[in-house]
Amino acid sequence: MAIDLISRKAWGARSPRGSHTRLDSTKGVKVHYTGGRVDPRIVDEHDRCTALVRSIQNSHMDGNGWIDIGYSFVACPHKKVFEGRGLNRLPAANGSGLNRGHYAVLGLVGNAGLLEPPDGMLHAILDAIDHTRQNGRAGDEIKGHRDGYATDCPGGPLYAWVRRGAPRPDGGGNGAPEPPGAPPFPGRLLKYPPVTRGDDVRTWQAKMAEREWEIDVDGAYGPQSRDVCRRFQRQQEIDDDGVVGPVTWRRTWEAPQG
């Protein structure tokens, strides 16, 4: 399938601050999300995708001190792929010591706002992956950023798709999308008091907000989060201790909308 590739020049990329390190071959690709809020309006307005990619490059260069945007490619909802560092260049987004193993492909979803990757974005991610295999000597692996690195990236919905084998939308069967399962339990209880803070808290809050619970998605598990958790647990007829443990975490994603 042909890739709809937007060159660096076309999206207005800044020149890198130095020379890219050459990347001769990789095990495959790691999939990422932004880790912040993504305006849902990008689904309807492609110009917002371009502006977001430019802002990510600015953040990576001016905030992180990197020579360039950290991703190899960026996929948007319009089935288009932005050239980041591109082929045969070492990415920076996978984590120290992990960049030589995989190209880095970003899907423009976040932990708030646009959470679920539209079909066009999934196609674009796979087009980018095919491009790295055909032209960049990438291997067959498709991993999430969290595989081998302590992060919530690429978020619950996108990681669930990766774990299902990254299928193309409408690729066989009856065309009905498989509902995403819960991302792996973060390994600690989310509770209050004291306030629990972190990306895992933000991920849980974002999913509860998506389920139409009134909750602040701020990464801080305080009284409000505890109270929402208790009401959800009562709805699910499980122990309403206000603590997000493995059962509550799983039901947050997998329980039917009530």
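**Figure 1. An open sheet of 6 strands runs in the order E1-E5-E4-E6-E2-E8.** Welcome to the first close-up of this predicted model. The pairing within the sheet is mixed. At the edges stand strand E1 (5–6) and strand E8 (138–144); each has a single partner strand, so one side of each is left without a neighbour in the sheet.

**Figure 2. Strands E2 and E6 pair in the parallel sense.** Here we look at E2, residues 26–32, beside E6, residues 102–107. The two strands are joined over 5 bridges. To find your bearings, look for Gly 28, which stands opposite His 102 in E6.

**Figure 3. Helices H2 and H3 pack on the sheet.** Helix H2 covers residues 46–63. Its contacts in the sheet are with E1, strand E4 (73–75), strand E5 (81–83) and E6. The direction of H2 makes about 35° with that of E5. Helix H3, made up of residues 119–135, touches E1, E2, E4, E5, E6 and E8. For H3, the direction makes about 145° with that of E8.

**Figure 4. Phe 185 and Trp 249 form an edge-to-face aromatic pair.** The whole structure holds 4 aromatic pairs, and this view shows one of them. Between Phe 185 and Trp 249, the ring centres are 6.0 Å apart and the planes meet at 85°. Phe 185 belongs to the loop between helix H4 (156–163) and strand E9 (196–197), while Trp 249 sits in helix H7 (residues 246–254), so the pair ties together parts that are 64 residues apart in sequence. How do the two partners compare in exposure? Phe 185 is partly exposed, with a relative accessible area of 28%, whereas Trp 249 is buried, at 2%. The cut-off for buried is under 20% relative accessible area, so Trp 249 qualifies. Do look for Trp 253 as well: Phe 185, Trp 249 and Trp 253 form one aromatic cluster.

**Figure 5. Trp 204 and Tyr 221 form a tilted aromatic pair.** The centres of these two rings lie 5.6 Å apart, with 55° between the planes. This pair counts as tilted because its angle falls between the limits of 30 degrees for stacked and 60 for edge-to-face. Trp 204 is found in helix H5 (residues 199–210) and Tyr 221 in strand E10 (residues 220–221). The pair links distant parts of the chain, 17 residues apart. Trp 204 is buried, at 0% relative accessibility, and Tyr 221 is buried too, at 0%.

Conventions. Residues numbered from 1 in each chain as written. Predicted model: local features only at pLDDT ≥ 70, side-chain atom pairs only at ≥ 80, totals over all residues. Heavy atoms only, no water. Pairing = 2+ DSSP bridges. Helix = DSSP H or I, 4+ residues; strand = E, 2+ residues; numbered from the N terminus. Contact = heavy atoms within 4.5 Å. Axes fitted to C-alpha atoms, helices over the stretch in contact; angles between N-to-C directions. Phe/Tyr/Trp six-rings, centres within 6.5 Å; stacked < 30°, edge-to-face > 60°. Buried < 20%, exposed > 50% of the residue type's maximum accessible area, 1.4 Å probe, protein only.
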